Amino acid sequence: MSPELGQFSLILALLLAFVQFTLPIYGAWRGNATLIGLARPVVAGQAVFVVLAFALLTYAFVTQDFSVVYVAQNSNLSLPWYYRFPAVWGAHEGSLLLWILILNVWTVAVATFSRRLPDALMARVLGVLGFISFGFLLFTIATSNPFLRHLPALADGNDLNPILQDPGLIMHPPMLYTGYVGFSVAFAFAIAALLGGELDIAWERWARPWTNEAWAFLTLGISLGSWWAYYVLGWGGWWFWDPVENASFMPWLVGTALIHSQAVTEKRGSFRAWTLLLSIFAFSLSLLGTFLVRSGVLTSVHAFASDPKRGTFILMFLGVVVGGSLIIYALRAPKVAGGKAFKFISRETLLLINNLLFACAAAMVLLGTLYPLIGDALGVGRISVGPPYFGFMFVLLMLPAICLIPLGPFFRWAMADWRATFRALRPALIVAIVAAIAAKLMTHDLPLRGVAGVAASLWVGLGIILYALNRWRTAPRGRRFTPEMLGMILAHFGVSIFLAGVLITEATSIERDLRAAPNEVVEIGGLGFRFQGVQRTQGPNYIADEGTIDVLEGDTVLTTMHPQKRAYSSGSAPQTISAIRPGLFSDLYVALGEPLDNGAWSVRIYVKPFVRWIWLGGLCMMFGGFIAASDRRFRVLPARADERAVVPATSVPQAAT
Amino acid sequence: MNRLVILIVLIFAASFAHAIDPLPFKDRAEEVRFQNLTRELRCLVCQNQNLADSEAQLAVELRRQVFDMMHSGKSDEEIKQYLVARYNDFVLYDPPVKAGTLLLWFLPGVLVLIGAGVVFNILRKKSRQPVVATDPEEDW
Amino acid sequence: MTRLIPLLIFIALVALLAFGINWNKHHEMFEVPSPLIDKPAPEFTLPLLYEPEKTLARKDLLGQPYILNVFGSWCPTCQDEHPILTRAVKPLGIKLIGLDWRDDPADGKRWLAQFGNPYDAVLTDPDGHAGIDFGVYMAPESFLIDAQGVVRYKRIGMFTPELIASELMPQLKTLGQPVTTK
């Protein structure tokens with residue numbers, strides 16, 4: 001009974017979404033206050049039914065209702081109870097429903113926290129969000145219904161993919177989707193501004209915190225994904241430039257450009273076209289990511305089951321949403337470049353270069369990800385594009401950005417004093433160079449990456465600290481650091497930590513495959529690893545071989561590690577569960593291989609210095625984004641001339657800017 | 001056909017988890033060279049993994065092959081060519097620079113150059129207009 | 001109109017993705033085109049499964065075309081392909097050579113005893129080297145090699161009656177014509 005209720009809820013949500021995107025936008029166009037006023041209630045209604053549908057699907061999982069096909073495909077009787085909740089989004093249909101749920105959460109939040117905006121603008125924003133929801137609901141109901149039944153009910157299900165039976169599943173997809181989907185707010189705002197007219201751009205300030213929050217969530221989602229891959233997959237890697245990883249990275253790159261571009265548009269009135277386009281592109285790349293993962297067009301470890309019918313539907317939806325928005329852009333984009341003037345040497349210039357580099361980086365990732373497909377289309381044979389390409393090109397593109405980051409906060413708007421800036425940053429430059437040289441001399445065989453990592457992270461890190469100190473000294477008390485500025489400082493500091501993590505770990509990681517005999521000690525990276533043998537253990541739905549390895553520093557045992565190889569009762573492929581000893585400055589990582597002769601086993605041991613700094617850097621960036629978004633200044637909006645839009649939106653409102 | 005792929009992959013993955021394969025390296029430098037080389041090669045069976053990490057039986061054999069070739073003095077280039085002659089460019093994660101990949105390797109650079117030109121143009125226009133220096137207070 | 005540029009780029013992208021979906025319908029993503037097509041087959045000298053003291057080399061098979069079918073006793077899809085080989089490929093009249101890949105010869109013999117032996121001759125490649133030279137990465141795979149020893153066609157995965165009709169038959173028709181080897 002309740003799965004049918006769930007399906008019915010989805011249909012009702014679909015109808016309400018249809019109303020949400022048609023009537024308010026029409027009302028805004030015609031100045032009809034009643035239709036405009038429909039927006040918020042309809043948003044609430046749709047949200048209620050989406051939440052209901054999601055709750056019913058969760059209920060089906062929790063009660064292990066195997067008459068629902070999706071539940072039977074993604075869980076079974078031996079699945080521990082705490083994995084029944086995240087199993088809801090373990091595969092295509094359920095993850096789509098999660099997407100829709102999160103979109104509705106954002107929409108309700110937008111509807112609630114936008115009382116200061118003109119009603120017509122509000123109606124358009126909610127209308128655009130409604131259109132997106134409509135498309136996804138239609139797609140779900142038509143091609144990916146999670147409530148399909150199999151009657152009579154199956155006795156037991158398959159299983160949740162063992163890789164997903166991990167706390168990472170609880171956090172990574174929801175956070176990632178919150179980020180992806182959150183860019184729809186900036187997107188909706190851009191479309192609404194284009195539909196409404198040039199003066200709507202004055203409200204850009206309202207859109208900023210939403211975009212910063214979406215960016216922060218996406219940063220968190222990507223960092224979680226990377227950390228999860230590191231500890232679950234067993235091979236010590238944290239980023240593979242896999243098509244689906246790239247699908248989440250492209251919106252992040254464009255999103256980074258967007259949050260900076262929005263700052264310029266809001267404060268100086270410049271870059272309006274850039275900001276509008278970046279808003280459209282950020283969300284378009286989110287949609288493109290959804291397409292790539294579910295259409296089977298690219299080979300990927302992450303990809304959900306592919307189906308040409310689904311692929312075609314999403315592609316058409318993508319065409320309508322993005323194509324439609326680009327047509328609206330072509331027709332309604334600001335005709336005259338507005339905004340205050342600025343000199344060659346100014347903060348605007350730096351941010352313009354920033355926009356360019358990040359946009360090109362996103363384009364490069366897109367090109368590389370799609371190139372196998374382009375190769376097929378051009379008939380040049382099946383080409384693979386992997387980390388050697390992406391890593392190389394990305395570093396090349398980001399190099400100028402890294403060099404310029406510390407200058408950003410010091411450079412003034414319109415006209416910057418570059419001499420004063422270089423004077424202020426000289427200590428950072430000197431320390432960075434000296435430390436890099438020292439690192440090279442002191443460390444045996446440090447590759448260029450490591451030297452660059454030391455230099456880059458010190459340059460960026462000290463650069464931002466010097467700015468913070470400078471600000472503390474020169475600004476009047478009580479107005480030294482706004483939340484927006486603090487967020488910026490923290491995020492840029494996060495970049496320096498991230499740089500240190502990536503470059504140093506890539507330069508100094510040690511990986512060894514060994515034959516480990518009982519009681520033998522192997523020396524790696526200054527530590528001794530003593531193998532103590534392997535024993536059988538049992539878990540809730542698996543049997544495992546568990547190894548014991550002591551880590552010695554000299555003669556003292558630092559820690560003991562227990563890598564496992566699990567065989568699940570459902571018969572899925574065996575899982576390698578590595579043992580990791582995390583450390584702030586170094587991770588130790590052991591994976592169990594195969595039994596060899598005489599009680600020996602093959603093991604893989606990694607020593608990975610500074611690897612945690614990668615995710616710490618990501619977390620810092622995320623916090624920076626949230627703190628910046630919390631600035632009360634963003635809620636001080638231009639005064640509204642009237643409480644209700646009684647004139648057509650195309651005429652000039654009397655609001656003062 | 002997708003079930004077929006999954007079946008084949010599972011058979012290889014389930015029966016032989018041999019990615020951890022201690023080989024008798026001459027020295028640390030050779031081990032590092034091997035690791036770097038096998039990371040640049042793609043596994044054909046588990047196509048989402050590189051040759052270094054794949055557990056497929058074919059990957060184990062190809063790694064042995066790479067190891068033997070390294071020992072007999074072949075260069076990285078020669079080893080890659082050996083595999084490409086049998087398995088196509090597909091096996092290289094570092095796409096070769098040839099006619100079919102010119103677009104891949106040079107388009108990003110071209111985009112940056114075009115973008116730089118656009119940026120330069122914008123800067124020229126903007127800097128010609130009269131500029132009002134900002135009050136440091138207003139800077140944020 | 002610079003404003004139209006993003007739209008035009010997007011239209012090109014959609015066209016590419018539409019091509020991708022279409023391509024997907026007609027091709028398996030895991031199929032990697034063989035670099036050996038229209039090139040001489042690699043050299044091999046392999047023992048026969050049933051007479052291990054004897055070997056068969058590439059040059060021994062020159063003079064008439066043949067299909068080299070790679071299989072193994074460990075391969076379940078080969079079981080599915082087996083009746084199709086017997087009923088649909090063999091009657092085509094072309095020589096059928098089996099390659100028992102990465103198999104203990106005893107297991108190979110047992111498998112053929114169980115399912116029947118449709119091959120004119122069976123070669124063994126227990127360590128898999130010949131398979132690697134042919135670029136084999138899964139089983140079953142089949143190669144169509146012409147009278148001059150040039151590889152004309154490769155099937156990755158099993159034969160089906162539809163594929164025999166749509167891919168193998170046209171290739172067999174062109175066997176009469178010589179091709180310039182590269």
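## Chain contacts and helix 15 of chain A

In this predicted model, 14 residues of chain C are in contact with 16 residues of chain B. By class, the side of chain C that touches chain B has seven nonpolar, five polar and two charged residues.

Chain B also meets chain A: the contact takes 54 residues from chain A and 42 residues from chain B. Several elements of chain A each supply at least two residues of the side that touches chain B, among them helix 13 (387–404), helix 17 (483–508) and strand 1 (510–516). Strand 9 (586–595) and strand 10 (601–609) of chain A also each supply at least two. Helix 12 of chain A gives the most to this side, with twelve residues.

The table sets out the classes of residue on the two sides that touch chain B.

| Side touching chain B | Nonpolar | Polar | Charged |
|---|---|---|---|
| Chain A | 31 residues | twelve residues | eleven residues |
| Chain C | seven residues | five residues | two residues |

Within chain A, helix 15 covers residues 418–442. At 1.5 Å a residue, its 25 residues should span 36 Å, and the end C-alpha atoms are 35 Å apart, which agrees. Helix 15 of chain A bends by about 45° at Leu425(A), and Pro427(A) follows within four residues.

Leu425(A) is also one of the buried residues of helix 15 of chain A, as are Thr421(A), Ala428(A), Ala432(A) and Ala436(A). The buried residues of this helix pack against helix 14 (407–410) and helix 16 (448–474) of chain A.

Technical notes. Residues are numbered from 1 along each chain as its sequence is written. Chains are lettered from A and ligands numbered from 1 in the order in which they are written. This is a predicted model: local features need pLDDT of at least 70, side-chain atom pairs count only at pLDDT 80 or more; totals for chains, interfaces and linings use all residues. The expected span of a helix is 1.5 Å times one less than its number of residues. The bend at a residue is the angle between axes fitted to the seven residues ending there and the seven starting there. A residue is buried if 20 or more other C-beta atoms lie within 10 Å of its own, exposed if 12 or fewer, and partly exposed in between; C-beta atoms are placed from the backbone. Two residues are in contact if their C-beta atoms, placed from the backbone, lie within 7 Å. Ala, Val, Leu, Ile, Met, Phe, Trp, Tyr, Cys and Pro count as nonpolar, Asp, Glu, Lys and Arg as charged, and the others, Gly among them, as polar.
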